[in-house]
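User: I have a protein model open and want to know how its labels are earned. Can you take me through them?

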Amino acid sequence: HKQEEFWNAIKFLLLLCVICGPLIYLHIYAAGALKLEWRRHLTKKLSNRYISSSQAFYRLKMQHAHVDNPDQRIAQDIDSFTASSVILLQHFVRDIGTIITTTVAVYRISPGTCRLM
């Protein structure tokens with residue numbers, strides 16, 4: 001009987017790996033795609049504002065000649081911002097999932113305890 005339980009547990013774990021493996025890669029792909037698209041959007045928007053009819057580009061060159069490659073700095077700041085924001089979003093979603101699964105586990109163990117929360 002114990003051997004049958006063992007093999008059932010092995011089958012369950014293998015099934016879990018088959019299901020979770022692609023989900024992990026889908027998660028990585030979606031986070032990368034979100035970061036890339038958001039970065040592309042912000043770069044286009046801020047570059048257009050930087051080189052626009054208000055001529056901020058030319059005023060910056062005239063007033064602050066010591067600033068090197070402001071367009072490159074904008075791109076680097078956008079990259080840092082989007083990377084940090086996507087990581088923050090991932091942690092937020094993970095923590096919400098943790099709260100939900102913990103609540104379900106506590107409810108299954110002791111429904112009365114969950115009502116107190």
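User: In which helix of the protein chain is confidence lowest, and in which is it highest?

Analyst: This is a predicted model; local features need pLDDT of at least 70, side-chain atom pairs count only at pLDDT 80 or more, and totals for chains, interfaces and linings use all residues. Residues are numbered from 1 along each chain as its sequence is written, and side-chain values use heavy atoms, leaving out hydrogens and water. pLDDT is the predictor's confidence in each residue, from 0 to 100. Helix α2 (residues 56-63) is lowest, at a mean of 63. Helix α1 is highest, at 90. Where pLDDT is low, the predicted coordinates should not be read in detail.

User: What is the count of disulfides?

Analyst: Zero. A disulfide is a pair of cysteine sulfur atoms within 2.5 Å. For C17, the nearest cysteine sulfur is that of C20, 7.3 Å away, so C17 is in no disulfide. The nearest cysteine sulfur to C20 is that of C17, so C20 is in no disulfide either.

User: Why is C17 called exposed?

Analyst: Exposed means over 50% relative accessible area, buried means under 20%, and partly exposed lies in between (1.4 Å probe, protein chains only). C17 has 55%, so C17 is exposed.

User: What makes C20 partly exposed?

Analyst: C20 has a relative accessible area of 32%, which falls in between the two cut-offs, so C20 is partly exposed.

Notes
Helix = DSSP H or I, 4+ residues; strand = E, 2+ residues; numbered from the N terminus.
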